[in-house]
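Open the model in your viewer and keep the selection panel at hand. Each stop below says what to pick and what sits there.

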Amino acid sequence: MNNINIYLHFEGNCKEAFDFYQAVFQTEILHTSLFSEMPQNNDGNDHCTVEENDKDKIMHISLPINDRFVLMGCDTIGSQTERHNPGNNFALSVNPETLKEAERVFAALSDGGEVTMPLEKSFWGSYFGMLTDPFGIQWMVNFEIPQDE
């Protein structure tokens with residue numbers, strides 16, 4: 001396993017929270033993406049539909065805390081907001097070293113749980129999936145495809 005990070009979910013104030021964390025930890029935000037940058041839904045998957053009032057919300061943001069830990073986050077949109085409660089608004093994000101390991105970890109964690117987004121190739125080029133394990137813990141599995149493939 002390459003690493004495991006905390007992924008925080010916010011109800012519209014992700015940018016404000018990460019500006020605060022940036023000041024606290026005195027590091028620079030690595031990456032920010034908005035939901036407006038996501039491709040439009042052309043395949044019938046509800047997870048690709050973004051309402052107009054959600055397009056300027058944060059889809060992904062990352063802030064390094066040190067050389068081994070990155071704090072990541074996003075705003076909740078659509079039906080995700082219904083499940084958002086302060087105190088449970090996080091997921092553990094794992095980055096396996098191989099696609100085979102990603103598939104194994106995703107299958108094992110979701111056994112007896114609920115897959116909220118299947119592990120599949122994403123528009124940003126990684127294999128990505130989300131699930132809630134049998135104990136109610138939310139997970140994200142992200143395998144970054146090596147650039148030479």
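The tour goes from the sheet to its helices.

This is a predicted model: local features need pLDDT of at least 70, side-chain atom pairs count only at pLDDT 80 or more, and totals for chains, interfaces and linings use all residues. Numbering starts from 1 along each chain as its sequence is written, and side-chain values use heavy atoms, without hydrogens and water.

**The sheet.** Show the strands (DSSP E runs of at least two residues, numbered from the N terminus). Eight of them, 8 strands in order 2-3-4-1-5-8-7-6, form an open sheet with mixed pairing. Pairing here takes at least two DSSP bridges. Select 31-34 and 114-121: these are the edge strands, 2 and 6, and each pairs on one side only.

**Strands 7 and 8.** Select 126-132 and 138-144. They pair in the antiparallel sense over 7 bridges. Glycine 129 stands opposite valine 141 in strand 8.

**Methionine 117.** This residue lies in strand 6. Its relative accessibility is 15%, so methionine 117 counts as buried (under 20% relative accessible area with a 1.4 Å probe, protein chains only; exposed is over 50%, partly exposed in between). Measure to methionine 130: 13 residues apart in sequence, 4.8 Å apart in space, C-alpha to C-alpha.

**Helix 1.** Select 14-25 (helices are DSSP H or I runs of at least four residues). Cys14, Ala17, Phe18 and Gln22 are buried in helix 1. On the other side of helix 1, Glu16, Phe20 and Ala23 are exposed. The buried residues of helix 1 pack against strand 1 (3-10), strand 3 (58-64) and strand 4 (70-75), with contact meaning heavy atoms within 4.5 Å.

**Last stop.** Pick glutamine 26, just after helix 1: its phi is positive, about 55°.
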